[in-house]
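I'm opening my notebook on a new structure today. The plan is to look at the strands and then at the charged side chains.

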Amino acid sequence: MEFGFEGKMPFRRNRFGFVTGTIVELVPTKVGNRRADGCMLFTTVEDMDGNTVNFVVTPSTYVVDFETLSIGMPCTFWYSMDAPMPLIYPPQYNAVVAAVQKNGRMINVGYYDTSFVNEDQTLQLNLDKNVEVRTTNNQYFQGSPANHNLVVTYDNSTRSIPAQTTPLRIVVLCDFCGR
């Protein structure tokens, strides 16, 4: 791997895909030959078109606001488009982030550059001292959230391109940094 300026390894940019739908099944699952121990959930989601997608929710999946997922909930699940995945139908992904759909709450998951613009150039963050920046285990993030993969929670934005918002909360996906 090449090193960036000052000999530091650059942060890895991940591309995240997402699926929005209703949870129709939650079943404890296992990895490999190990038995299901309750730490992971096999989650089936049905989208508005009736398509099903399976997600494995692991202890490292960040669930926004630490909400308990249950059958019948409308949710969005994000997954790393760069991670290996089996070529099966219905598709199956490891969930990186999960969020229950709520009126008025918007969430964006992606890489943000030094100008706090996401990689697809659709959202720019305006940060002030009131914006909480945390890690996935709810600790205060001690660095700058620039050049990281972020989970951004916000409630409104401008109609400009890119849209601008002052986030309610930012969570840094530290597991996706520097690898």
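**Strands and charged pairs**

Before anything else, I jotted down that this is a predicted model.

*Entry one: a bridge partner.* I started small and picked C75. Which residue of strand 7 is the bridge partner of C75? I looked it up, and the partner is V100. Then I stepped back to the two strands. Strand 5 covers residues 74-80 and strand 7 covers residues 97-100. They run antiparallel, and 4 bridges join them. My reminder to self: strands of a sheet pair through backbone hydrogen bonds, either parallel or antiparallel.

*Entry two: the whole sheet.* Next I wanted the order of the strands. I found an open sheet of 7 strands, running 4-7-5-1-2-3-6, with mixed pairing. I then asked myself which strands stand at the edges. Those turn out to be strand 4 (62-63) and strand 6 (92-94). Each has a single partner strand, so one side of each has no neighbour in the sheet.

*Entry three: salt bridges.* On to the charged side chains. Side chains of opposite charge can pair when their charged atoms come close. I got a count of 6 salt bridges.

One of them joins R15 and D82, with N to O at 3.4 Å. R15 sits in the segment before strand 1 (16-28), while D82 is in the loop between strand 5 and strand 6, so this pair ties together parts 67 residues apart in sequence. Are these two buried or exposed? Neither, really: R15 is partly exposed at 45% relative accessibility, and D82 is partly exposed too, at 30%.

*Entry four: around E67.* I kept running into E67, so I gave it a page of its own. K102 makes a salt bridge with E67, and the closest N and O atoms are 3.2 Å apart. K102 comes from the loop between strand 7 and strand 8 (106-112), and E67 from the loop between strand 4 and strand 5, so parts 35 residues apart in sequence get tied together.

R105 also meets E67 in a salt bridge, at 3.5 Å from N to O. R105 lies in the loop between strand 7 and strand 8, so its pairing with E67 links parts that are 38 residues apart in sequence. I checked accessibility here as well. K102 is partly exposed, at 39%, whereas R105 has 15% and counts as buried, because the cut-off is under 20%.

Last thing I wrote down: which residues join into one network through salt bridges that share partners? They are D65, E67, K102, R105 and R169.

Key: Residues are numbered from 1 along each chain as its sequence is written. This is a predicted model: local features need pLDDT of at least 70, side-chain atom pairs count only at pLDDT 80 or more; totals for chains, interfaces and linings use all residues. Side-chain values use heavy atoms; hydrogens and water are left out. Two strands pair if DSSP finds at least two bridges between them. Buried means under 20% relative accessible area, exposed over 50%, partly exposed in between (1.4 Å probe, protein chains only).
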